[in-house]
Amino acid sequence: MTHQPVRKAVFPVAGLGTRFLPVTKAMPKEMLPLVDKPLIQNAVEEARAAGIEEFVFVTSRGKGVLEDHFDIHPELNAALEQRGKKAELAQVAATEIGSGHLYFTRQHKPLGLGHAVWCARHVIGREPFAVLLPDVVVLSERPCLAQMIDAYSEVGGNVIAVNEVPREQTNRYGILSPGAVKGRSVEVKGLVEKPKPEEAPSNLSVTGRYILQPEVFDHLDRQETGAGGEIQLTDAMLKLVGAQPFHGYRFEGKTYDCGDKVGFLEANIAFALQRPDMADKLRACLAELL
């Protein structure tokens, strides 16, 4: 089967980061470091590894540093080159997104994830696209979105990342109502927002990565509010269930919630332990601290 390729990705980065105050008073939470890379760079690199060519940031006031981070810095490049710092020069080059491939659009009010995605509609146009939440970090051998693109090439339609959670924690997540299972793909029959454990249709939670068809914008255009008085992406996705192929994909990897302080620290430790240049020293430090 052939399906229209996924070339564009949306990064909702308009949040205020109140759970990380005071550090986020003047710095976007997306610039918090995952070892030595900002969270947003980690998400962009995951998208690049999946073949994404166009990057759409949905921002708000005070997020200009995100634009600067992915721009070319001629003075820094010249200084590194003059000093023969080839490794550092390569690190800086890896942050750059070429002209005409990076787009910024504003979300003026915090009206929900669905509204943030809707703000990108004119850049996306009428083609499938990915959505990546930078707060959600996945440690895996093959990047999560690349795994999903592989699944999309087989099933088409809409594909969302799902992750098994303990049954007693279903009231924290959007939960999948499953249908037929084929390998790691699970047919989506419905989505339930934060159900009680005894009422949850499964323990498969929606996990911060989406491949969606442009018809989702037709439903978001109605600006209908849902839970919390916000425009919910889940509500718009539900309108596509039954009208288009819709699958959850049980990806390989470990998920970390970097919107939570403990989850953020855990992710930093886990990623640092994968680094040959610091793993042994970190293990020694952790052993001493514990």
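In this predicted model, a useful place to enter the fold is Y210, which, once its neighbours within four places in sequence are left aside, is in contact with L113, F129, A130, V131, L133, M148, V159, I160, L233 and M237. Y210 also belongs to the largest nonpolar core, a set of 33 residues in which F129, I160, Y210, V216 and L220 touch the most other members. The elements that give two or more residues to this core include the strands β4 (54–59), β6 (129–132), β8 (158–164), β10 (185–193) and β11 (204–212), and they are joined in this by the helices α5 (113–118), α8 (215–220) and α9 (233–240). Apart from this core lies another, of 32 residues, among which are F57, C144, A146 and Y152. In soluble globular proteins, nonpolar side chains tend to be buried together.

From these cores one can step back to the whole chain, which holds 11 helices and 13 strands. Of its 290 residues, 47% count as buried, and among the contacts between residues at least 6 apart in sequence, 75% join residues at least 24 apart. Because a compact globule with 290 residues would have a radius of gyration near 19 Å, the value of 19 Å for the protein chain agrees with that expectation. Along its principal axes, the C-alpha trace spans about 60 × 45 × 40 Å.

The outside of the model can be described in similar terms. The protein chain exposes about 14900 Å², of which carbon and sulfur atoms supply 52%. As for charge, there are 33 positive and 37 negative side chains, and the centres of these two sets lie 2 Å apart.

Key: Residues numbered from 1 in each chain as written. Predicted model: local features only at pLDDT ≥ 70, side-chain atom pairs only at ≥ 80, totals over all residues. Heavy atoms only, no water. Core = buried A, V, L, I, M, F, W, Y, C linked by side-chain atoms within 4.5 Å. Buried < 20%, exposed > 50% of the residue type's maximum accessible area, 1.4 Å probe, protein only. Helix = DSSP H or I, 4+ residues; strand = E, 2+ residues; numbered from the N terminus. Contact = heavy atoms within 4.5 Å. Rg over C-alpha atoms; globule rule 2.2 N^0.38 Å. Areas by Shrake-Rupley, 256 points an atom, 1.4 Å probe, with all protein chains shown as cover. Lys, Arg positive; Asp, Glu negative; His and termini not counted. Charge placed at Lys NZ, Arg CZ, Asp CG, Glu CD.
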